[in-house]
Amino acid sequence: MDYILTEEQLMIRDLARQIAVEKIVPVRAELDEHNKFPTDVMKAIAQADLLGLYIPEQYGGLGKGSLDFYIAIEELSKACLGVSTTYAANALGTYPLLLFGTDEQKKKYLPDIASGKKYVAFGLTEANAGSDASGIQTTARLEGNEYVLNGTKQWITNGGEADVYTVIAITDKSKGPRGASAFVVDKGTPGFTFGKKENKMGIRASSTTELIFNNCRIPKDNIIAKQGMGFIVAMKTLDSSRAGVGSQGVGVAQGAIDEAIKFARGRVQFGQPVTSFQAIQHMLADMQTQTEAARALVYSVARMIDSGAKDFSRASAMAKLFATDVAMKVTTDAVQVMGGSGYMKEYPVEKMMRDAKILQIYEGTNQIQRTVIGLDMIKEASKAK
Amino acid sequence: MNIIVLVKQVPDTSEVKINRETNTLIRDGVPSIINPYDRYAIEEALRLREKHGGKVTALTMGPPQAAEALKEAVSLGVDDVVLLSDRAFAGADTWATSYAISMGIRKIGQYDLIIAGKQAIDGDTAQVGPETADMLGLPFIAYIRKIEKVENNTMVVERLMDEGYDVVETALPCVITVVKEINEPRVPSLKGKMKAKSLKVAPWSAKDIAADESKLGLKGSPTQVVRIFPPAPRGQREMLSGPLEEQAAAVVKKLKEQSLI
């Protein structure tokens with residue numbers, strides 16, 4: 001399929017593909033096996049300017065749009081979702097500053113984020129607050145010129161590795177959803193530590209830890225947007241990043257298809273390559289058709305965002321939901337096409353299947369995405385009459 | 001520190017076909033890349049620039065399409081490029097090539113170090129580096145696996161040998177060729193790729209580099225290729241490991257099995 005990409009977008013695709021082939025594929029199994037953060041790969045990504053893709057030029061980035069960014073995510077995801085999760089979570093942590101930061105905050109943080117000098121993480125989830133973000137228990141109390149943070153964030157991607165953390169905490173419990181605020185916290189601030197590194201089923205190259213705040217004092221100016229806007233910051237951040245998870249789904253699905261077809265062409269049973277059997281042909285056809293449909297949806301949503309659409313919650317939820325469900329199915333089918341070999345660690349598809357599962361869970365489970373889509377449809381219908 | 005990197009555009013395949021009539025390589029229809037060993041040379045030059053400042057210039061000789069290799073060098077971060085391209089250069093062997101390159105380097109003028117890959121993957125001669133050094137009257141060291149330090153117009157390097165390595169100190173300027181152990185080449189940057197895309201490479205002709213035409217191209221090439229053939233395949237080999245006594249016993253056993261002793 002030709003998506004009529006610009007010359008620059010093709011350049012981004014080729015560059016991300018080169019990083020995937022030269023820097024990620026040779027090490028992905030080891031990163032996975034040993035739960036190792038992809039330090040060298042992230043350096044290569046930074047050196048290639050890809051960490052600054054979505055950051056405005058005035059702050060040291062390249063000022064590109066969502067589609068440009070998603071193309072990079074997709075290519076990295078073809079090789080390793082652990083790496084692409086590290087890469088995409090960096091953007092997730094940056095969005096609060098990008099969307100709501102003051103010029104001063106942007107000047108302070110964005111150039112270092114664009115160059116890869118500083119990595120970023122986004123801290124929303126807690127033990128009792130995942131899909132239900134209103135369950136947040138981490139508090140931020142204003143004392144003079146400082147906010148005092150207390151509480152524990154859970155399952156935070158890039159935890160421990162990031163230098164900058166954008167965190168949602170409750171500033172006024174009595175106000176419900178309007179009582180949350182967003183903050184930026186630097187690593188090394190007294191009272192801010194990390195819990196254990198999680199031992200995950202997949203995306204094991206990415207770091208996942210707790211963020212522990214124990215009377216952690218940060219300057220008052222570290223608030224992002226106004227006090228009480230924390231939920232809006234979080235929701236807009238997730239709206240902006242969600243379709244990017246869809247592009248991770250497209251990438252891992254395509255990566256699995258590429259492996260499966262390469263294997264199937266060489267696998268001989270009953271005296272002929274298994275690709276000569278209709279059963280395999282039909283599986284491959286379904287896998288590619290579903291992946292292509294997912295790609296078309298993700299790119300359409302990216303173009304909608306890039307054209308300046310204000311409300312894209314439903315669209316980005318659909319892209320995330322569809323592409324990640326496809327990713328789970330296609331990676332599972334890739335293992336099936338490859339049979340016993342697919343199940344073995346000598347081949348990368350079992351890892352792709354393990355990795356793909358998280359896409360249906362993080363940044364809003366696919367059940368929550370359906371709720372977002374359904375409620376938006378009903379809201380629109382009720383307005384129409 | 002001003003560095004000149006010698007690069008060569010080569011066909012992207014290890015299975016180059018040979019024209020049996022002319023005994024030259026068939027390049028048509030084969031995509032071209034920077035000689036892989038030259039990517040290590042470029043990387044080392046960029047790292048030296050990052051450490052010591054200065055400028056990196058990539059130089060190549062070839063047909064007009066060799067500009068693509070120079071553009072790739074720009075996408076990786078080199079500052080300047082020189083393309084030697086002229087019909088007068090055509091058909092050059094390594095000697096005539098080195099002459100043209102040495103004249104190109106003389107025209108560039110200012111440099112502290114010249115780096116090349118240990119050899120090109122198409123011709124595999126490993127001659128252009130040393131011949132260029134000779135024509136420029138510069139010291140030459142091959143197979144560098146590490147540049148230890150650069151200071152006061154001298155440089156200390158490690159030269160990879162079959163068994164271990166040599167530590168060599170040299171005066172600058174000099175010419176070195178590097179092996180793949182020296183570094184891990186970077187991928188291009190997006191800004192570099194954009195810069196490369198808009199770059200126009202104006203070639204230098206034989207006249208531009210004030211070359212003696214009788215020393216260029218086919219005319220200036222003493223090499224005559226009589227015949228090209230693949231070397232006879234070696235027999236099957238097996239590497240033994242473990243304690244020496246066990247290895248010796250295994251050798252004896254195998255020789256006996258084949259009734260050789």
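Two strands pair if DSSP finds at least two bridges between them. The exercises below apply this to a predicted model.

**Exercise 1. Pairing of β9 and β12 in chain B**

Task: Decide in which sense strands β9 and β12 of chain B pair, and over how many bridges.

Solution.
- Locate the strands. β9 of chain B covers residues 140-151, and β12 of chain B covers residues 174-178.
- Count the bridges. There are three, and the rule asks for at least two.
- Read the sense. The two strands of chain B are parallel.
- Check one position. B:F140 faces B:V175 in β12(B).

**Exercise 2. The sheet of chain B**

Task: Give the strand order of the eight-stranded open sheet in chain B, then find its edges.

Solution.
- Write the order: β7-β6-β1-β8-β12-β9-β10-β11 in chain B. The pairing is mixed.
- Find the edges. β7 (80-84) and β11 (165-171) of chain B each pair on one side only.
- Add the twist. From one strand to the next it averages 30 degrees.
- Place the helix. Helix α1 of chain B, residues 36-52, packs on this sheet. It touches β1 (2-6), β6 (55-61), β8 (113-117), β9 and β12 of chain B. The direction of α1 makes about 150 degrees with that of β8(B).

**Exercise 3. A hairpin and a cis bond**

Task: Describe how β10 and β11 of chain B are joined, and which residue in the turn has a positive phi.

Solution.
- Start with the pairing. β10 of chain B (residues 154-160) runs antiparallel to β11(B), with seven bridges.
- Take one bridge. B:L160 has B:Y165 in β11(B) as its partner.
- Look at the turn. Four residues lie between the strands of this hairpin in chain B. B:G164 has the positive phi, about 75 degrees.
- Move on along the chain. The loop between β11 and β12 of chain B holds B:P173. The peptide bond from B:L172 to B:P173 is cis, with omega near 0 degrees.

**Exercise 4. Strands of chain A**

Task: Find how many bridges join β7 of chain A to β3 and to β6 of chain A.

Solution.
- Take β3 first. Nine bridges link β3 (residues 146-157) and β7 (residues 208-219) of chain A, in the antiparallel sense. A:V148 sits opposite A:R217 in β7(A).
- Now β6. Residues 192-197 of chain A form this strand, and four bridges tie it to β7(A), again antiparallel. A:T193 is the bridge partner of A:I212 in β7(A).
- Inspect the connection. A:I203 lies in the loop between β6 and β7 of chain A. Its phi is positive, about 35 degrees, although A:I203 is not a glycine.

**Exercise 5. A salt bridge within chain A**

Task: Test whether A:E75 and A:R17 meet the salt-bridge cut-off, and state which helices they link.

Solution.
- Apply the cut-off. The nitrogen and carboxyl oxygen must lie within 4 Å. For A:E75 and A:R17 the N to O distance is 3.0 Å, so the pair qualifies.
- Place the ends. A:E75 is in helix α4 (residues 66-79) of chain A, and A:R17 is in helix α1 (residues 7-24) of chain A. The two residues are 58 apart in the chain.
- Set it in context. The structure has 42 salt bridges over all chains.

**Exercise 6. The interface**

Task: Describe the interface of chain B and chain A by contacts, area and salt bridges.

Solution.
- Contacts: 12 residues of chain B touch 19 residues of chain A.
- Area: about 1,400 Å² is buried between the chains, with 62% from carbon and sulfur atoms.
- Salt bridges: three cross the interface. One of them joins A:E7 and B:K197, with the closest N and O atoms 3.8 Å apart.
- Main contributor: helix α5 (residues 190-198) of chain B gives the most to the chain B side, with five residues.
- Classes: that side of chain B has five nonpolar, one polar and six charged residues.
- Polar contacts: seven residue pairs are counted between chain B and chain A.

How values were computed
Residues numbered from 1 in each chain as written. Chains lettered and ligands numbered in written order. Predicted model: local features only at pLDDT ≥ 70, side-chain atom pairs only at ≥ 80, totals over all residues. Heavy atoms only, no water. Contact = heavy atoms within 4.5 Å. Buried area = accessible area lost by both parts, 1.4 Å probe. Salt bridge = Lys/Arg side-chain N within 4 Å of Asp/Glu carboxyl O. Polar contact = N/O pair within 3.5 Å; in protein donor to acceptor, adjacent residues only side chain to side chain. Nonpolar A, V, L, I, M, F, W, Y, C, P; charged D, E, K, R; others polar. Axes fitted to C-alpha atoms, helices over the stretch in contact; angles between N-to-C directions.
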